[in-house]
Amino acid sequence: MIVLPEAGAPPLLVLGVVRGVVAEVAPMTAQLERFRPSRLALALGAEEMASYTEQFVRGRSDPFAPLLSTETAEVLALARFGEVEVPHAAFIEGLRWAGRQGVPVEAVDPDEEQYADLFAHHIGYWELVRRTVRERSLTRSPPTADSPDDFVLRWAGRVGKGRASRRFERERTELTCRQVRALQGANERVALIIDRERIPELERQLSPAAGSGRKR
(Lines give C-alpha, C1' and ligand atoms only; values in the text may rest on other atoms or scores of the structure.)
Protein backbone atom coordinates (compact mmCIF):
# COMPACT_ATOMS: atom_id res chain seq x y z
CA MET A 1 0.00 0.00 0.00
CA ILE A 2 1.07 3.56 -0.64
CA VAL A 3 -0.13 6.62 1.26
CA LEU A 4 -0.15 10.11 -0.22
CA PRO A 5 0.38 12.71 2.49
CA GLU A 6 -2.66 14.57 3.69
CA ALA A 7 -3.10 17.91 1.96
CA GLY A 8 -5.61 20.68 1.44
CA ALA A 9 -8.27 22.23 3.59
CA PRO A 10 -10.18 20.16 4.46
CA PRO A 11 -7.48 17.47 4.14
CA LEU A 12 -7.48 14.60 1.65
CA LEU A 13 -5.91 11.22 2.43
CA VAL A 14 -5.18 8.90 -0.52
CA LEU A 15 -4.61 5.17 0.03
CA GLY A 16 -3.32 3.18 -2.93
CA VAL A 17 -4.05 -0.51 -2.32
CA VAL A 18 -3.12 -3.61 -4.31
CA ARG A 19 -6.27 -5.28 -5.57
CA GLY A 20 -7.16 -8.41 -3.63
CA VAL A 21 -4.09 -8.62 -1.39
CA VAL A 22 -5.31 -9.35 2.15
CA ALA A 23 -2.16 -7.93 3.77
CA GLU A 24 -3.20 -4.47 2.48
CA VAL A 25 -6.37 -4.46 4.61
CA ALA A 26 -4.95 -3.97 8.12
CA PRO A 27 -2.66 -1.01 7.31
CA MET A 28 -5.42 0.59 5.24
CA THR A 29 -7.88 0.30 8.14
CA ALA A 30 -5.30 1.70 10.54
CA GLN A 31 -4.91 4.75 8.28
CA LEU A 32 -8.68 5.26 8.19
CA GLU A 33 -8.90 4.98 11.98
CA ARG A 34 -6.16 7.55 12.41
CA PHE A 35 -7.49 10.00 9.81
CA ARG A 36 -11.20 9.70 10.74
CA PRO A 37 -12.70 10.87 7.44
CA SER A 38 -16.14 12.46 7.32
CA ARG A 39 -16.63 10.79 3.91
CA LEU A 40 -14.99 7.80 2.24
CA ALA A 41 -14.43 7.87 -1.53
CA LEU A 42 -13.88 4.65 -3.46
CA ALA A 43 -12.41 4.65 -6.97
CA LEU A 44 -15.22 2.46 -8.28
CA GLY A 45 -18.18 3.10 -10.54
CA ALA A 46 -21.55 3.46 -8.84
CA GLU A 47 -22.81 0.12 -10.15
CA GLU A 48 -19.73 -1.77 -9.04
CA MET A 49 -19.86 -0.25 -5.56
CA ALA A 50 -23.55 -1.14 -5.26
CA SER A 51 -22.73 -4.73 -6.29
CA TYR A 52 -19.94 -4.98 -3.71
CA THR A 53 -22.25 -3.64 -1.02
CA GLU A 54 -25.19 -5.91 -1.78
CA GLN A 55 -23.28 -9.10 -2.52
CA PHE A 56 -20.19 -8.97 -0.34
CA VAL A 57 -21.00 -6.60 2.54
CA ARG A 58 -24.70 -7.18 3.20
CA GLY A 59 -24.90 -10.66 1.66
CA ARG A 60 -25.43 -13.61 3.98
CA SER A 61 -23.50 -16.05 1.79
CA ASP A 62 -20.43 -15.82 -0.40
CA PRO A 63 -21.54 -15.02 -3.96
CA PHE A 64 -19.95 -16.50 -7.04
CA ALA A 65 -17.44 -14.06 -8.56
CA PRO A 66 -16.46 -15.17 -12.09
CA LEU A 67 -13.05 -13.98 -13.28
CA LEU A 68 -11.67 -13.34 -16.74
CA SER A 69 -8.62 -15.37 -17.71
CA THR A 70 -6.40 -12.30 -17.29
CA GLU A 71 -7.87 -11.65 -13.82
CA THR A 72 -7.26 -15.28 -12.83
CA ALA A 73 -3.65 -15.05 -13.99
CA GLU A 74 -3.15 -11.81 -12.03
CA VAL A 75 -4.63 -13.32 -8.85
CA LEU A 76 -2.49 -16.46 -9.12
CA ALA A 77 0.64 -14.38 -9.66
CA LEU A 78 -0.16 -12.10 -6.72
CA ALA A 79 -0.73 -15.15 -4.52
CA ARG A 80 3.05 -15.67 -4.55
CA PHE A 81 3.21 -12.75 -2.10
CA GLY A 82 0.48 -13.96 0.28
CA GLU A 83 -3.27 -14.44 0.63
CA VAL A 84 -5.49 -12.92 -2.07
CA GLU A 85 -9.27 -12.46 -1.96
CA VAL A 86 -11.51 -11.47 -4.85
CA PRO A 87 -13.05 -9.28 -5.98
CA HIS A 88 -11.20 -6.66 -3.90
CA ALA A 89 -10.36 -7.26 -0.26
CA ALA A 90 -9.42 -3.66 0.61
CA PHE A 91 -12.41 -2.03 -1.09
CA ILE A 92 -14.83 -4.41 0.58
CA GLU A 93 -13.25 -3.85 3.97
CA GLY A 94 -13.43 -0.09 3.33
CA LEU A 95 -17.17 -0.43 2.82
CA ARG A 96 -17.48 -2.51 6.00
CA TRP A 97 -15.41 -0.02 7.98
CA ALA A 98 -17.54 2.89 6.78
CA GLY A 99 -20.70 0.99 7.71
CA ARG A 100 -19.45 0.35 11.23
CA GLN A 101 -18.42 3.97 11.67
CA GLY A 102 -21.48 5.52 10.04
CA VAL A 103 -19.31 7.25 7.42
CA PRO A 104 -21.00 7.95 4.06
CA VAL A 105 -19.34 6.36 1.02
CA GLU A 106 -19.14 7.82 -2.49
CA ALA A 107 -18.23 6.09 -5.76
CA VAL A 108 -15.93 8.53 -7.58
CA ASP A 109 -15.04 6.64 -10.76
CA PRO A 110 -17.06 6.93 -13.99
CA ASP A 111 -20.20 4.80 -14.00
CA GLU A 112 -20.62 1.97 -16.52
CA GLU A 113 -22.04 4.19 -19.27
CA GLN A 114 -19.40 6.88 -18.80
CA TYR A 115 -16.64 4.28 -18.72
CA ALA A 116 -17.88 2.64 -21.92
CA ASP A 117 -18.09 6.00 -23.70
CA LEU A 118 -14.63 6.97 -22.51
CA PHE A 119 -13.13 3.65 -23.55
CA ALA A 120 -14.75 3.79 -27.00
CA HIS A 121 -13.57 7.37 -27.49
CA HIS A 122 -9.92 6.59 -26.78
CA ILE A 123 -9.41 2.90 -27.56
CA GLY A 124 -9.78 2.33 -31.27
CA TYR A 125 -9.68 -1.01 -33.06
CA TRP A 126 -5.90 -1.34 -33.34
CA GLU A 127 -5.24 -0.28 -29.77
CA LEU A 128 -7.88 -2.77 -28.59
CA VAL A 129 -6.09 -5.50 -30.54
CA ARG A 130 -2.75 -4.51 -29.02
CA ARG A 131 -4.22 -4.45 -25.51
CA THR A 132 -5.70 -7.92 -26.05
CA VAL A 133 -2.33 -9.26 -27.23
CA ARG A 134 -0.59 -7.70 -24.20
CA GLU A 135 -3.14 -9.20 -21.81
CA ARG A 136 -2.76 -12.66 -23.36
CA SER A 137 0.99 -12.32 -23.06
CA LEU A 138 0.62 -11.47 -19.37
CA THR A 139 -1.47 -14.59 -18.71
CA ARG A 140 1.36 -16.69 -20.14
CA SER A 141 4.22 -14.72 -18.63
CA PRO A 142 3.33 -12.50 -15.64
CA PRO A 143 5.86 -9.82 -14.65
CA THR A 144 8.76 -10.73 -12.40
CA ALA A 145 8.51 -8.55 -9.31
CA ASP A 146 9.78 -8.29 -5.74
CA SER A 147 6.55 -7.07 -4.14
CA PRO A 148 2.81 -6.71 -4.83
CA ASP A 149 3.34 -2.98 -5.47
CA ASP A 150 6.01 -3.65 -8.06
CA PHE A 151 3.95 -6.41 -9.64
CA VAL A 152 0.79 -4.37 -10.27
CA LEU A 153 2.78 -1.40 -11.58
CA ARG A 154 4.57 -3.66 -14.06
CA TRP A 155 1.32 -5.40 -15.04
CA ALA A 156 -0.55 -2.14 -15.64
CA GLY A 157 2.45 -0.68 -17.44
CA ARG A 158 2.44 -3.52 -19.97
CA VAL A 159 -1.31 -3.44 -20.62
CA GLY A 160 -1.62 0.33 -20.87
CA LYS A 161 1.65 1.33 -22.52
CA GLY A 162 0.04 2.55 -25.77
CA ARG A 163 -0.56 6.28 -26.24
CA ALA A 164 -4.31 5.78 -26.61
CA SER A 165 -4.43 3.72 -23.43
CA ARG A 166 -2.48 6.40 -21.57
CA ARG A 167 -4.94 9.07 -22.78
CA PHE A 168 -7.82 6.90 -21.61
CA GLU A 169 -6.32 6.47 -18.15
CA ARG A 170 -5.53 10.18 -17.91
CA GLU A 171 -9.10 11.22 -18.68
CA ARG A 172 -10.56 8.53 -16.45
CA THR A 173 -8.46 9.83 -13.57
CA GLU A 174 -9.45 13.42 -14.36
CA LEU A 175 -13.07 12.43 -13.77
CA THR A 176 -12.15 10.71 -10.50
CA CYS A 177 -10.22 13.77 -9.30
CA ARG A 178 -13.13 16.04 -10.20
CA GLN A 179 -15.47 13.99 -8.03
CA VAL A 180 -13.02 13.97 -5.12
CA ARG A 181 -12.54 17.73 -5.33
CA ALA A 182 -16.29 18.22 -5.34
CA LEU A 183 -16.48 16.32 -2.04
CA GLN A 184 -13.70 18.45 -0.61
CA GLY A 185 -15.51 21.54 -1.82
CA ALA A 186 -18.44 20.50 0.34
CA ASN A 187 -16.07 20.83 3.32
CA GLU A 188 -15.72 17.07 3.74
CA ARG A 189 -12.68 15.40 5.27
CA VAL A 190 -12.15 12.82 2.51
CA ALA A 191 -10.22 9.55 2.40
CA LEU A 192 -9.86 8.02 -1.07
CA ILE A 193 -9.16 4.32 -1.65
CA ILE A 194 -7.85 3.60 -5.14
CA ASP A 195 -5.98 0.82 -6.95
CA ARG A 196 -2.25 1.09 -6.38
CA GLU A 197 -1.36 1.16 -10.08
CA ARG A 198 -3.45 4.31 -10.59
CA ILE A 199 -1.46 6.33 -8.05
CA PRO A 200 1.20 7.75 -10.45
CA GLU A 201 -1.41 9.37 -12.70
CA LEU A 202 -3.56 10.44 -9.76
CA GLU A 203 -0.57 12.03 -8.03
CA ARG A 204 0.36 13.95 -11.18
CA GLN A 205 -3.14 15.37 -11.35
CA LEU A 206 -3.32 16.23 -7.66
CA SER A 207 0.15 17.77 -7.60
CA PRO A 208 1.40 19.95 -6.00
CA ALA A 209 -1.25 19.52 -3.29
CA ALA A 210 -0.63 15.80 -2.75
CA GLY A 211 3.15 15.94 -2.66
CA SER A 212 5.18 12.77 -3.00
CA GLY A 213 3.92 9.38 -1.84
CA ARG A 214 5.27 7.35 1.04
CA LYS A 215 4.94 3.61 1.50
CA ARG A 216 3.55 1.91 4.58
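These are my notebook entries on charged and aromatic side-chain contacts in this predicted model.

**Salt bridges**

I started with the charged pairs and got a count of 17 salt bridges. I looked at three of them one by one.

I pulled up arginine 134 first and found its partner to be glutamate 127, with the closest N and O atoms 3.2 Å apart. Buried or exposed, I wondered about arginine 134? Arginine 134 is at 12% relative accessibility, so I put it down as buried, the limit being under 20%. Glutamate 127 has 5% relative accessibility, so that end of the bridge counts as buried too.

Next I checked arginine 154, which bridges to aspartate 150 with the closest N and O atoms at 3.0 Å. I traced both residues to helix α7 (residues 148-159), where they sit four residues apart, about one turn of the helix. For exposure I noted 43% for arginine 154, which makes it partly exposed. Aspartate 150 is partly exposed as well, at 23% relative accessible area.

Then I went to helix α9 (residues 199-206): glutamate 201 and arginine 204 are three residues apart there, so about one helical turn separates them. Their side chains meet in a salt bridge, 2.9 Å from N to O. How exposed is each end, I asked myself? Glutamate 201 is buried at 12%, whereas arginine 204 is exposed at 55%. While on salt bridges, I also noted a network: Arg19, Glu74, Asp195 and Glu197 are joined into one by bridges that share partners.

**Aromatic rings**

I switched to rings and searched the whole structure, which gave six aromatic pairs. One of them is tyrosine 52 with phenylalanine 56, edge-to-face, at 6.2 Å centre to centre and 80° between the planes. I placed both in helix α2 (residues 46-57), four residues apart, which means about one helical turn between them. Tyrosine 52 and phenylalanine 56 are both buried.

I then looked up tyrosine 125 and tryptophan 126. Why is this pair edge-to-face? The planes of tyrosine 125 and tryptophan 126 are at 75°, and over 60 counts as edge-to-face; the ring centres are 4.9 Å apart. Tyrosine 125 is exposed, at 58% relative accessibility, and I got 58% for tryptophan 126, also exposed.

I added one cluster to the page: Tyr115, Phe119 and Phe168 form a single aromatic cluster.

**A charge over a ring**

Last lookup: what lies over the face of phenylalanine 35? I found arginine 189 there, at 4.2 Å from the ring centre.

Technical notes: Residues numbered from 1 in each chain as written. Predicted model: local features only at pLDDT ≥ 70, side-chain atom pairs only at ≥ 80, totals over all residues. Heavy atoms only, no water. Salt bridge = Lys/Arg side-chain N within 4 Å of Asp/Glu carboxyl O. Buried < 20%, exposed > 50% of the residue type's maximum accessible area, 1.4 Å probe, protein only. Helix = DSSP H or I, 4+ residues; strand = E, 2+ residues; numbered from the N terminus. Phe/Tyr/Trp six-rings, centres within 6.5 Å; stacked < 30°, edge-to-face > 60°. Lys NZ or Arg CZ within 6 Å of the ring centre and 35° of its normal.
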